[in-house]
Amino acid sequence: MLKVKKVFSPVLMILAIFCFDLSPSVTAQADDTQSIVVVTGDEAEEFVDATLHAVEEGEVENIAPISAFDLEESSVYTVGGGVTAVTVPVHGDYSLPSNITVFFDENKTALQTNEMLVTKNEVGNFQVETYLDGLLVKSEDTGISWITDEEMLAEEPALIQPMGVKAVAACLGAVLGVGGTAAYIIAVACGGSCAAPTPVTAPICAACIGAYAVIGAGGIAGAVACFNYL
């Protein structure tokens, strides 16, 4: 529990800054360098290796199996407070936004693990489950009919809407460069958590940031700011 408390403070602080300081009108121009900075090269590889080691050695709790990890497509970024996040896309039985995100301190000690796992439920819709250190914190039927990753990637972004979840989805589509279904899944799954993050909802929003990193070519800061449309 001490490790979780240690990482919550900087993660929650960053999410709060993005959600309350960025207006929807500047989402497309939002600058990730405010708090979130992409890490590349050898340093990024070291953090990805640290992630794999932490999972293999049982230093973190995870739900998705290692066989589903797409380590080569991992994203590494600093999130402030000396914390670095590694987001690994998760494939196999999971849909495109699925990921596992591990937070590390300066010594590459794993602090916290967040997972967003998107699957097809019994009624044929996208089901989104969010986990914190292997424990389920949210499970939601999005009400969106299942389509394949290929179909999702072929979609165009949704048209801009005035306010509400559809407006968030349209904003996400524009900022991340993704189609309507992918954007709407994130809007539904993350809206109540990223609009005004609290110590309770921050784990869900952190997993959502992992989803942005997995599916979007745009900026994470801009994606979080889209929730100001709620």
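This note goes through the sheet of a predicted model, strand by strand, and then the helix that lies across it.

1. The overall layout comes first. Seven strands make up an open sheet, in the order β1-β2-β3-β4-β5-β6-β7, and the pairing is antiparallel. The edges are β1 and β7, the latter covering residues 135-145; each of these two strands pairs on one side only. From one strand to the next, the twist averages 20°. As background, strands of a sheet pair through backbone hydrogen bonds, in either a parallel or an antiparallel way.

2. At the β1 edge, strand β1 (residues 37-39) runs antiparallel to strand β2 (residues 75-80), and three bridges join them. To find this pairing in the structure, start from V38, whose bridge partner in β2 is Y77.

3. On to the next pair. Strand β3 (residues 83-89) is antiparallel to β2 and is joined to it by five bridges. G80 stands opposite V83 in β3. The hairpin of β2 and β3 has two residues between the strands, and G81 there takes a positive phi near 65°.

4. Further along the sheet, how many bridges join β5 to β6? There are seven, between β5 (residues 110-120) and β6 (residues 125-132), and these strands also run antiparallel. In this pair, T119 stands opposite Q127 in β6.

5. Which strands does helix α2 lie across? Helix α2, residues 41-56, lies across β1, β2, β3, β4 (99-104) and β5. The helix runs at about 70° to β3.

Definitions and conventions. Residues numbered from 1 in each chain as written. Predicted model: local features only at pLDDT ≥ 70, side-chain atom pairs only at ≥ 80, totals over all residues. Heavy atoms only, no water. Pairing = 2+ DSSP bridges. Helix = DSSP H or I, 4+ residues; strand = E, 2+ residues; numbered from the N terminus. Axes fitted to C-alpha atoms, helices over the stretch in contact; angles between N-to-C directions. Contact = heavy atoms within 4.5 Å.
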